[in-house]
Number of protein chains: 2
Amino acid sequence: MSRPEALSPARLKDAAPLFAALGDATRLGLLVSLCASGPLTVTRLSGQFAVSRQAITKHLDVLAEAGLVTSARQGRERIWTFEPKRLEDAHQYLARLSREWDVALGRLKAFVES
Amino acid sequence: MSRPEALSPARLKDAAPLFAALGDATRLGLLVSLCASGPLTVTRLSGQFAVSRQAITKHLDVLAEAGLVTSARQGRERIWTFEPKRLEDAHQYLARLSREWDVALGRLKAFVES
DNA sequence: AAAAAATGCAACCGAGGGGTTGCATCAGTC
DNA sequence: GACTGATGCAACCCCTCGGTTGCATTTTTT
């Protein structure tokens, strides 16, 4: 059993694809759009970017694979929706790293003062 | 003037490379090592991973480019140190996105109730 | 001064990422 | 049923990424 805060290699393998999905300006832009304007279709989204609709589709697929968006067919169009859960996961990873660093600093301080 | 919380395209262009640097399991592992064990050299770090020293060097260069680590020559070796500032930046980006979403939800709620 | 350790530099390689274009398909609309 | 709009699918292209190997360079150490 590992503490829930531990940053095990297994956790890293889960975190990496998540951050990778966030590591593209167009994809971040898509998330912002979906956050601000609410659920949208591909064609509507691609109107806001300088790339083709198919390129946007691929980006949305990547975001969906990472769990950052979901989609649902509705008649002849597909609606894409932002999914805040995974964003919280990403936040947790960063918090854990940060905490690990603080702990290390504490150890160093204790060592210097001893 | 844009509010400091706004997620402008300019901010996204800054955030994307940062998240991209975090989007690799080996690089996340390097950050964890540097956090937990304190500043280390390349050879010492590469001992903990299954890839060559040169591969680790490239990863460290990527992390340095993103501002997540710094390095300093010391005699015949180079010491790599974790840099917590940029991690805080990443955290801020996520928080802004999350907040934007909450605002949108609030608007939706107000609309439904009107 | 010679050997050993730590790093730097450069070329190369295969896979995947981001983008495009063209065409097929499917669902409303007149 | 014919037309139009929104997607889906597939092939292709170029370039970056992660990784390798081989060798040069710089500092210690003996």
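In the predicted model, 100% of the interface residues of chain A are also interface residues in chain B, so the two copies meet through the same surface. Superposition of chain A on chain B gives an RMSD of 0.1 Å, and the operation consists of a turn of 180° with a shift of 0.0 Å along the axis. The copies are thus related as by a two-fold rotation axis.

DNA strand C is surrounded by 18 residues, and both chains are represented among the closest of these: Ser52(A), Lys58(A) and His59(A) from one copy, and Thr43(B) and Arg78(B) from the other. Of the atoms of DNA strand C that come within 4 Å of the protein, 59% belong to sugar and phosphate. By residue class, the surface near DNA strand C comprises eight charged, seven polar and three nonpolar residues.

Individual polar side-chain atoms approach the backbone of DNA strand C. In chain A, an N or O atom in the side chain of His59(A) is placed 2.3 Å from a phosphate oxygen of the strand, and a polar side-chain atom of Ser52(A) lies 2.7 Å from a phosphate oxygen. In chain B, a polar side-chain atom of Arg76(B) is found 3.3 Å from a sugar or linking oxygen of DNA strand C. The elements that contribute two or more residues to the surface near this strand are α4 (53-65) of chain A and, from chain B, α3 (42-46), α4 (53-65) and β3 (77-82). The largest share, four residues, is supplied by α4(A).

Key
Residues numbered from 1 in each chain as written. Chains lettered and ligands numbered in written order. Predicted model: local features only at pLDDT ≥ 70, side-chain atom pairs only at ≥ 80, totals over all residues. Heavy atoms only, no water. Least-squares fit on C-alpha atoms with pLDDT ≥ 70 in both. Contact = heavy atoms within 4.5 Å. Near = heavy atom within 4 Å. Polar contact = N/O pair within 3.5 Å; in protein donor to acceptor, adjacent residues only side chain to side chain. Nonpolar A, V, L, I, M, F, W, Y, C, P; charged D, E, K, R; others polar.
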